[in-house]
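Student: I would like a close look at a single part of a structure. Please start from that part and then work outward.

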Amino acid sequence: MEVIDIQKEKEYKKIFNSMTDYVRSLGIVVNTSTKARGHQGFFLKNRIDISTNISYERKIEVLIHEFTHYIHYKIDDSIYKTHGDLNKIFPNADIKRIEKELLCVTRFIDKSKALNNLNLLKDKISSEITLLDKNLKKHYPDFKRSYPYKIIEREIKKSDAKYLLKYDRVKVKTLFLGKTNEYSIKNLDNDFPNLSETAKDYIRIKSKQRAQKRIAARANRLNCYYKRPTELFARFIEALFVDTSKVSEIAPHAYLVFCSELAKGKYFELADLINNFF
């Protein structure tokens with residue numbers, strides 16, 4: 001649950017409104033009473049949506065983030081097809097080094113901590129799988145979780161529990177009676193009281209292995225998203241607002257190149273935003 005300092009929120013509201021007025025003066029449409037397509041913010045060419053469901057402190061950061069997408073679009077209008085090119089943002093720089101630095105900045109500024117939460121969940125499930133594996137090996141020393149274990153599966157396949165080998169929750173309709181039964185991993189003990197504990201653990205380990213794969217897929221998608229040049233640059237500018245000295249420490253090369261290019265007018269109106277509000 002987010003705790004908000006009312007006095008600070010009033011100050012942040014003033015800053016946000018001033019910043020919004022500046023962005024709108026550039027001819028950009030800024031919507032502040034929107035759900036932003038389910039995100040905290042959203043940018044599309046000449047329009048920025050800011051979610052109404054976040055604090056004013058966060059709204060400021062999101063507006064900076066989305067405005068940076070606008071600047072990036074002015075520098076490289078192919079961002080919608082290629083997600084941008086850091087060479088165009090940081091010309092004549094060590095791009096591989098900058099990519100590494102900007103990923104560090106992304107981890108520093110990521111408010112949702114989505115990737116961290118996924119990693120914590122992955123570790124938790126991995127520990128649970130290890131425990132279940134030990135329990136099964138007490139009864140079946142040759143058990144290997146990477147392969148189907150037919151001795152246990154023979155027992156499971158004598159009942160509707162067999163459907164839980166592939167799914168966490170199922171509805172099974174009997175062919176002649178037309179009755180529908182619902183089964184789930186969470187109700188395994190109640191749904192199948194006569195099933196042995198080893199069989200139940202085997203079903204649970206299969207379920208957790210499926211969860212592992214889902215988490216890995218989500219983490220991979222998130223990592224790919226974070227590594228997009230447009231997102232790296234936007235989070236870099238967002239982080240500069242939050243803590244400039246920390247960013248210069250985390251990403252010294254990117255910071256020096258950025259400051260040099262900023263002084264040359266490389267980033268258009270971003271210089272005005274920084275000079276007026278950072």
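Which residues form a nonpolar patch on the surface, and about how much accessible area do they have together?

Tutor: Leu175, Phe176 and Leu177 form the patch, and together they have about 490 Å² of accessible area. The structure is a predicted model in which local features need pLDDT of at least 70 and side-chain atom pairs count only at pLDDT 80 or more, while totals for chains, interfaces and linings use all residues. Residues are numbered from 1 along each chain as its sequence is written, and side-chain values use heavy atoms, with hydrogens and water left out. A patch takes residues with over 30% relative accessible area and no salt bridge, joining like charges within 9 Å and nonpolar side chains (Val, Leu, Ile, Met, Phe, Trp, Tyr) within 5 Å. The areas come from the Shrake-Rupley method with a 1.4 Å probe, and for residues only the protein chains shown count as cover.

Within the patch, leucine 177 has a relative accessible area of 74% and is therefore exposed (exposed is over 50%, buried under 20%, partly exposed in between, with a 1.4 Å probe and protein chains only). Leucine 177 sits in the loop between S4 and S5. Strands (E, at least two residues) and helices (H or I, at least four) are DSSP runs numbered from the N terminus. S4 covers residues 169-173 and S5 covers residues 180-184; the two run antiparallel and are joined by five bridges, where pairing requires that DSSP find at least two. Across this pairing, valine 172 faces asparagine 181 of S5. Six residues separate the strands of the hairpin, and glycine 178 there has a positive phi near 70 degrees.

Positive phi also turns up at residues that are not glycine. Most residues other than glycine have a negative phi. Lysine 45 has a positive phi of about 55 degrees. The loop that holds lysine 45 runs between strand S2 (41-44) and strand S3 (47-51), and its relative accessible area of 46% makes lysine 45 partly exposed. Asparagine 92 is not a glycine either, and its phi is positive at about 55 degrees. Asparagine 92 lies between helix H4 (86-89) and helix H5 (95-109), and at 87% relative accessibility asparagine 92 is exposed.

In S3, the side chains of arginine 47 and aspartate 49 form a salt bridge of 2.8 Å, N to O; the term means a side-chain nitrogen of Lys or Arg within 4 Å of a carboxyl oxygen of Asp or Glu. Arginine 47 is partly exposed at 28% relative accessible area, whereas aspartate 49 is buried at 3%. The whole structure contains 21 salt bridges.

One network of these contacts links Asp189, Glu197, Lys200, Asp201 and Arg204. Within it, the side chains of lysine 200 and glutamate 197 meet at 3.5 Å, N to O. These residues are three apart in helix H9 (residues 197-226), which means that about one helical turn separates them. Lysine 200 is buried at 4% relative accessible area, and glutamate 197 is partly exposed at 48%.

Helix H10 holds another such pair. Arginine 235 bridges to glutamate 231, with the closest N and O atoms 2.6 Å apart. The two are four residues apart in H10, so about one helical turn lies between them. Both arginine 235 and glutamate 231 are buried. H10 spans residues 229-242, and its 14 residues should cover 20 Å at 1.5 Å a residue, which agrees with the 20 Å between its end C-alpha atoms; the expected span is 1.5 Å times one less than the number of residues. Twelve of the 14 residues are buried, so H10 is largely enclosed by the rest of the structure. Among the buried residues are Phe233, Phe236, Ile237 and Leu240.

Another buried residue is histidine 72, at 1% relative accessible area. Histidine 72 belongs to helix H2 (residues 56-75). Its C-alpha atom is 24 Å from that of alanine 114, 42 residues away along the chain.

Finally, the cysteines: the structure holds zero disulfides, a disulfide being a pair of cysteine sulfur atoms within 2.5 Å. For cysteine 104 the nearest cysteine sulfur is that of cysteine 224, 18 Å away. Cysteine 259 is also in no disulfide, its nearest cysteine sulfur being that of cysteine 104 at 18 Å. Cysteine 104 is partly exposed at 33% relative accessibility, and cysteine 259 is partly exposed at 30%.
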